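User: Hi, I'm new to this one. Please walk me through it in plain words.

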Amino acid sequence: MLQQTRVQTVIDYYNRWMLKWPTLHHLAQASLEEVNEMWAGLGYYRRARFLLEGARMIVAGGDGFPKIVSSLLKVPGIGDYTAGAIASIAFKEVVPVVDGNVIRVLARLKAISANPKDKVTVKKFWKLAAQLVDPHRPGDFNQSLMELGATLCTPLNPSCSSCPVSGECRALAISKLDKLVLITDYPAKSIKLKQRHEFSAVCVVEISGRQDLIEGDQSNSVFLLVKRPDEGLLAGLWEFPSVMLGKEAALTRRRKEMNCFLKKSFRLDPQRTCSILLREDVGEFTHIFSHIRLKVYVELLIVHLKDDMSDLFSMRDGENTTWKCVDREALSSLGLTSGVRKVYTMVQKV
DNA sequence: CATACGTGGAG
DNA sequence: TCTCCAAGTAT
């Protein structure tokens with residue numbers, strides 16, 4: 001969970017996760033669906049899938065939990081950093097770790113100005129860290145190095161005056177001699193790749209209760225959710241029906257695309273299977289992914305089913321589309337991605 | 001190998 | 001609003 005994610009963000013997820021799956025064996029029994037739900041909102045969802053696959057692999061292997069770096073590296077989702085962290089912290093293997101914090105600390109300590117993403121430079125950091133690690137307390141040392149980066153040797157305003165190794169810091173020494181050099185010049189900034197712009201239309205489809213199907217309560221309605229493909233962005237997660245637009249599109253065009261999608265995937269057709277009680281343009285927002293800038297147009301559609309479409313209320317596979325309907329309560333308690341939560345919040349204000 | 005892969009807090 | 005980046009990994 002901590003990979004590329006702040007501790008503060010992780011804590012609640014970690015606690016809920018450990019409550020639900022206290023051991024590897026519990027996790028190995030879980031379904032990907034459950035795992036995705038628990039992870040929803042944390043991001044980098046492949047981590048969740050790998051965690052599940054890793055648990056299953058270890059349990060199936062029957063050799064217990066891997067305890068050395070070489071074995072840990074075979075587990076899905078465990079790379080150089082995580083293998084080193086587990087081996088040193090949990091099992092006292094004398095190995096280093098290199099994460100973003102360590103790179104920053106070492107780049108400053110040794111005044112390394114090369115691009116820290118560069119493969120050769122990364123190797124240099126690992127070698128340096130390996131030379132430094134305390135053979136008697138590798139886990140504590142590694143955590144100390146990371147903690148130094150997280151608390152004092154921070155990206156923007158490092159607290160050099162409180163730093164226990166400021167006397168040995170090359171970057172600090174250089175910055176004192178040359179006023180043009182700043183501590184924060186280390187490590188070098190790597191060129192960030194450009195975000196591509198994407199556009200999508202989302203339709204929150206609310207299927208209102210019918211007097212003849214649902215007794216009494218007219219407010220009893222359900223929402224249509226679609227399962228995203230198992231590969232790629234937000235793989236296997238639930239969202240409101242959406243279509244990618246390719247470029248900016250006016251309301252008319254967006255509705256046309258959406259109508260087509262709803263008809264094809266759900267046989268939701270105003271002329272035949274339902275009548276429209278409300279259709280409203282709710283607004284738009286931009287959702288930022290690490291590599292995509294997604295503009296989302298949101299619309300609310302409340303329909304009233306004509307025929308006996310009660311089978312609609314259980315999950316089923318449509319044409320290349322897995323979908324289900326959930327009621328308001330289920331929707332609130334369901335694990336949703338950040339973007340889907342935004343959409344739902346917007347619609348609730350209507 | 002360069003890139004895909006989320007989200008949110010801080011300044 | 002924009003930039004930066006966090007206990008990185010897989011392909």
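Analyst: One term first: a polar contact is a pair of N or O atoms within 3.5 Å; within protein, one must be able to donate a hydrogen and the other to accept it, and residues adjacent in sequence count only if both atoms are side-chain atoms. This is a predicted model, where local features need pLDDT of at least 70 and side-chain atom pairs pLDDT 80 or more, while totals for chains, interfaces and linings use all residues. Residues are numbered from 1 along each chain as written, chains are lettered from A and ligands numbered from 1 in the order written, and side-chain values use heavy atoms, without hydrogens or water.

User: Got it. What does the side chain of Thr82 do with DNA strand C?

Analyst: An N or O atom of that Thr82 side chain sits 2.8 Å from a phosphate oxygen of DNA strand C. Tyr81 also reaches a phosphate oxygen of the strand, with a backbone N or O atom at 3.2 Å. For Asp80, a polar backbone atom is 3.4 Å from a phosphate oxygen of DNA strand C. Two elements, α6 (80–91) and α7, each give two or more residues to the surface near this strand; helices (H or I, at least four residues) and strands (E, at least two) are DSSP runs, numbered from the N terminus.

User: And which residues come nearest to DNA strand C?

Analyst: Those are Leu2, Gly77, Gly79, Arg104 and Lys192, out of 20 residues around DNA strand C; being near takes a heavy atom within 4 Å. Among the atoms of DNA strand C that come within 4 Å of the protein, sugar and phosphate make up 68%.

User: What classes of residue are on that surface?

Analyst: The surface near DNA strand C has 7 nonpolar, 7 polar and 6 charged residues. Here Ala, Val, Leu, Ile, Met, Phe, Trp, Tyr, Cys and Pro count as nonpolar, Asp, Glu, Lys and Arg as charged, and the others, Gly among them, as polar.

User: OK, now DNA strand B. Which residues come nearest there?

Analyst: Around DNA strand B there are 22 residues, and Arg6, Tyr45, Lys119, Leu234 and Ser338 come nearest. Sugar or phosphate supplies 58% of the strand's atoms within 4 Å of the protein, and bases supply the rest. By class, the surface near DNA strand B has 7 nonpolar, 10 polar and 5 charged residues.

User: What does Ser290 meet on that strand?

Analyst: A base nitrogen of DNA strand B, 3.4 Å from an N or O atom in the Ser290 side chain. Ser338 instead has a side-chain N or O atom 2.8 Å from a phosphate oxygen of DNA strand B, and Tyr44 puts a backbone N or O atom 2.9 Å from a sugar or linking oxygen. The elements giving two or more residues to the surface near DNA strand B are β5 (274–288) and α13 (338–348).

User: You listed Leu234 a moment ago. What's its phi?

Analyst: Leu234 has a positive phi of about 50°, although it is not a glycine. Its place is the loop between β2 (222–227) and β3 (238–239). Most residues other than glycine have a negative phi, and most peptide bonds are trans.

User: Cis or trans for the bond from Tyr186 to Pro187?

Analyst: That peptide bond is cis, with omega near -10°. Pro187 is in the loop between α10 (170–177) and β1 (196–207).

User: New topic: at what angle do α7 and α8 cross?

Analyst: Helix α7 (residues 100–109) and helix α8 (residues 119–132) cross at roughly 85°, and their axes come within 10 Å. That makes α7 roughly perpendicular to α8. Ile103, Leu106 and Ala107 of α7 meet Phe125, Leu128, Ala129 and Leu132 of α8. By class, this contact of α7 with α8 has 7 nonpolar, no polar and no charged residues.

User: What are the cut-offs there?

Analyst: Contact means heavy atoms within 4.5 Å. Axes are lines fitted to C-alpha atoms, for helices over the stretch in contact, with angles from 0 to 180 degrees between N-to-C directions. Under 35 degrees is roughly parallel, over 145 roughly antiparallel, 65 to 115 roughly perpendicular, and the rest oblique.
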